[in-house]
Amino acid sequence: MKKLILFLVLPLLLLIGAGLGALVAGLIPGVSIPGLTPMHEAAEEKKDLGAPPTSKQSPIGAVTYVLSEFVVNVKTNRTYPVFLLLSLAVEMTSEAVRPSMVAQEPRIRDAMIVYLSGLTPSDLNGYDGIQRVRDQSWQIVQKFVDPKDVVNVQIMKLTVK
């Protein structure tokens, strides 16, 4: 009888306890117990960090601020440098936002240069590469300018040479 408890029941209880602990801690993806499972994962999934679609219509009175072109060396294993030329336009809700955009442009440029210089030429290929740059540009602009004042970010030019 003691052997049955020791070799069968005790390991079974340990497995059940570990499974319940993982469930309550939220370590099992796709499974949540209301009131017990932490909500941080559900909140992160709902939060969309991407830029609005390029076809999104501008509100009445919106203005565009064009940042001066970025020329950045991207990461490569080649012996010669590979350059990225990028031109961005930021759509703002009104002309009143322009002074804060002008004041924050050096910080936005710095953050963009740091981000862009970490990319490789293959990261910039095709639609996915352009969309990746748009989404990150959107996030960077929203860090420095009030998100409610920014309507959209448009890539005017993206060239890799």
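This passage describes the strands and helices of a predicted model, together with the contacts of selected residues.

The strands are considered before the helices. Strand 1 (63–66) shows an alternation of its side chains, in which V63 and Y65 are directed to one face and are buried, whereas T64 and V66 are directed to the other face and are not buried. Strand 1 runs antiparallel to strand 3 (82–92), and 4 bridges join the two. Within this pairing, V63 is placed opposite M92 of strand 3, and Y65 is placed opposite V90 of strand 3. Strand 2 (70–74) likewise has two faces, with F70, V72 and V74 on the covered one and V71 and N73 on the uncovered one. Its pairing with strand 3 is antiparallel and comprises 5 bridges, and V71, from the uncovered face of strand 2, stands opposite L85 in strand 3.

Strand 3 is itself mostly covered, since 9 of its 11 residues fall below the 20% relative accessible area that defines burial. Besides its bridges to strand 1 and to strand 2, strand 3 is joined by 9 bridges to strand 4 (150–160), and the two run antiparallel. One of the facing positions in that pairing is L86, which stands opposite L158 in strand 4.

Helix 1 (residues 2–25) contains 24 residues, and the distance from its first C-alpha to its last is 33 Å, close to the 34 Å expected at 1.5 Å a residue. A kink of about 30° is nevertheless found at V9 of helix 1, shortly before the proline P11. Just after helix 1, the residue G26 adopts a positive phi of about 80°.

Helix 3 (residues 98–117) comprises 20 residues and should therefore span 28 Å at 1.5 Å a residue, a value with which the 27 Å between its end C-alpha atoms agrees. A kink of about 50° lies at Q104 in helix 3, and the proline P106 follows shortly after it. The buried residues of helix 3 are M101, E105, I108, R109, M112, Y115 and L116, and they pack against strand 1, strand 2, strand 3 and helix 4 (126–144). R109, one of these buried residues, has its charged end over the ring of F70, at 4.4 Å from the ring centre; F70 in turn belongs to the covered face of strand 2. A search of the whole structure for aromatic pairs finds 0.

M101, which is placed in helix 3, has a relative accessibility of 0% and therefore counts as buried, the cut-off being under 20%. When its neighbours within four places in sequence are left aside, M101 is in contact with Y65, L67, V90, M92, I108, V141 and V145. Among these contacts, Y65 and V90 stand opposite each other in the pairing of strand 1 with strand 3, M92 stands opposite V63, and V141 is one of the buried residues of helix 4. In contrast to these contacts, M101 and G21 are 49 Å apart in space, C-alpha to C-alpha, with a separation of 80 residues in sequence.

Helix 4 has 19 residues and reaches 28 Å from its first C-alpha to its last, which is close to the 27 Å expected at 1.5 Å a residue. Its buried residues are G129, Q131, V133, R134, S137, W138, I140 and V141, and the elements that cover them include strand 3, helix 3 and strand 4. K143 also lies in helix 4, but its relative accessible area is 62%, and K143 is therefore exposed, the cut-off for that class being over 50%. The C-alpha atoms of K143 and L86 are 20 Å apart in space, and the two residues are 57 residues apart in sequence.

Terms used. Residues numbered from 1 in each chain as written. Predicted model: local features only at pLDDT ≥ 70, side-chain atom pairs only at ≥ 80, totals over all residues. Heavy atoms only, no water. Helix = DSSP H or I, 4+ residues; strand = E, 2+ residues; numbered from the N terminus. Expected span 1.5 Å × (residues − 1). Bend = angle between axes of the 7 residues up to and from the residue. Buried < 20%, exposed > 50% of the residue type's maximum accessible area, 1.4 Å probe, protein only. Contact = heavy atoms within 4.5 Å. Pairing = 2+ DSSP bridges. Phe/Tyr/Trp six-rings, centres within 6.5 Å; stacked < 30°, edge-to-face > 60°. Lys NZ or Arg CZ within 6 Å of the ring centre and 35° of its normal.
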